[in-house]
Amino acid sequence: MLPKTLLSRGAVLAALDLSLPSWTAQRAVSSVTIPPPACMLQPLEVPNRYLFGPGPSNVPPRVLAAGGRPIIGHLHHEMYEIMNDIKKGIQYAFQTNNHMTLAMSGSGHAAMECAVFNVVEPGESVLVSVNGVWGERVAEIAERMGAKVHTLVKAPGGYFTNEEIEKALAKHKPVLFFLTHGESSSGLAHPIDGIGDLCRKYDCLLLVDSVASLGAAPLLMDQQKIDILYTGSQKALNAPPGTAPISFNDRACHKMFNRKTKPVSYLFDMTHLSNYWGNDGKPARDYHHTGPVSGFFALRESLAILAEKGLENSWRHHKEVAEYLWKGLEDLGLKLFIKDKDLRLPSVTTITIPDGYEWKELLAYMIKHHQLEMTGGLGPSIGMVMRVGLMGYNCSTCNADKALAALADALKHCPKRKA
C-alpha cells in the first residue's frame, strides 16, 4: 500500500489541469505568420532543352546517374578514394604530374579566386591580359585583395603576341600573369606556346583559365610550363556546375606556402585544402569544409568518360564538329566573329550579329519554338556576337544540324529591320 503522503500528492496532481492555457496554445500556433509558399506545394518542373550555349551543357545520363548515387560522408574512407580518383583524372586531363591537384567546391570562379588569393599578397604586382570578360574578372579579384593590378587590353577577339607579353612583364615585374586560354565571351582560343618560358625568364607565375577549352582544345600544362591551371566542370567535361579542377606546380607551391600573410579567404586557403585532398603529406585529413559529395561523384564520372575517349580523340572530335558548324553558319550567310580559323575556340563559336536583326529576338525565338539555347555576348562582347556551344556530350554533327536549323528558322521568321 502506498504511503498516505504519496496518495495525497497524487490526488492533488490529478486534480490539477496540466494542459497549456488556451492563450499559450494560441500563441504557439500563431507564431508562424508566414504560410508555406504556394510554389513549394507544387512539383518541380524543369524543361527539356538543348543547351547549345557556352555552358552549362547537357549532362550525359551516365554522369546524371553517378550524381544520383547514395550520399556518403565527406570524410569517409570511400570518399577519399573517390577524391584520389578525381585527382588522377584531373592530372590526365591537364597533362600534369603536379601533386598539388584537386577540385574546388564551387564553380570556375572559385578556382579563379583560389589561385589569386593563394599566390598573391597585398601590394604585389599582377599582370592581367584582358580581351574579354574573364580577364576583367581576375583584374577585379586581384584589385579587391590589394594587389597592384596592371592590364594588357585588347578588344574582344584580339590576342596578345609573345613580344607584347614580354614587354609588359619586363615593365611591371609581376608575381603573377593571367591569361585566358578559352575566352568564351569572344570565342577565342589564345596561343599558349612560349608564354611559360617568358614567365620563368621574369620570375613570374603563369595562371591560365581553361574553363571553356579543357577537353576541347589542346592544352598541356607541364609541357607548356603553366604554373597554375584551372577549369570548370560544366562545359566540355559535361558534369553539372559546381566543381572546379585546379592544379599548382612546384613553383606555385613555393610561392603559395612561403607567404608573409594569410590568404584573404579561409575557404580557399590551400594550406587547408591541400590537407583535405591528401596533398600535404600528413597521415590524416582534417575537417575543413563539407565538399559537394554528389558533385564529386559526377565529376569523377565525367573525367572517366574523358579518359576512356582519350584526350587527343576528344580534341580531334571537337575540331571536326566545329568545322562542320562553321561551314553551315557561313552557308546561312552568317559571319564568324573570329576570322582566323586557328584562333577559333572549338567548343564555343561566336557569330557576328547579322545586320538588321535584334539578337535577343533571335535567341528568344529559338528557345520558344525549338527548346534550344544559344546566348548573346558576355561583358565587352554584349551586342557584338551570338554564341553557339557544342561541347562534350553535345558535340556532334547531329546537334550542329539542330542548331543550324533553329538559326535558319529564326532568321526567316524574326523581323529584319532596315539599318
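Ile 165, Ala 168 and Leu 169 are the buried residues to look at in helix H7, which runs over residues 162–172 of this predicted model. Seen around the helix axis, these three span an arc of only 105°, so they sit on the same side of H7. That fits the usual geometry: with 3.6 residues a turn in an α-helix, residues three or four places apart point the same way. Flip to the face turned away from the buried side and the exposed residues Glu 163, Lys 167 and Lys 171 show up.

As for what covers the buried residues of H7, the list includes three strands, S3 (125–130), S4 (148–153) and S5 (176–180), along with helix H8 (195–201). Right after H7 comes Lys 173, with a positive phi near 45°.

Two serines are also worth a look. Ser 247 is part of strand S10, residues 243–248, and it counts as buried because its relative accessible area is 0%. Its side chain makes a polar contact with the side chain of Asn 98, at 3.0 Å. Setting aside residues up to four places away in sequence, Ser 247 also touches Phe 94, Thr 96, Met 100 and Thr 101, as well as Met 221, Asp 227, Ile 228 and Leu 229.

Ser 347, by contrast, is found in a loop, the one between helix H12 (311–331) and strand S11 (348–352). Ser 347 is buried because its relative accessibility is 0%. Beyond its neighbours within four places in sequence, Ser 347 is in contact with Ala 212, Ser 213 and Ala 216, and with the run Val 388, Gly 389, Leu 390 and Met 391.

Note on methods
Residues numbered from 1 in each chain as written. Predicted model: local features only at pLDDT ≥ 70, side-chain atom pairs only at ≥ 80, totals over all residues. Heavy atoms only, no water. Buried < 20%, exposed > 50% of the residue type's maximum accessible area, 1.4 Å probe, protein only. Helix = DSSP H or I, 4+ residues; strand = E, 2+ residues; numbered from the N terminus. Arc of directions from axis to C-beta. Contact = heavy atoms within 4.5 Å. Polar contact = N/O pair within 3.5 Å; in protein donor to acceptor, adjacent residues only side chain to side chain.
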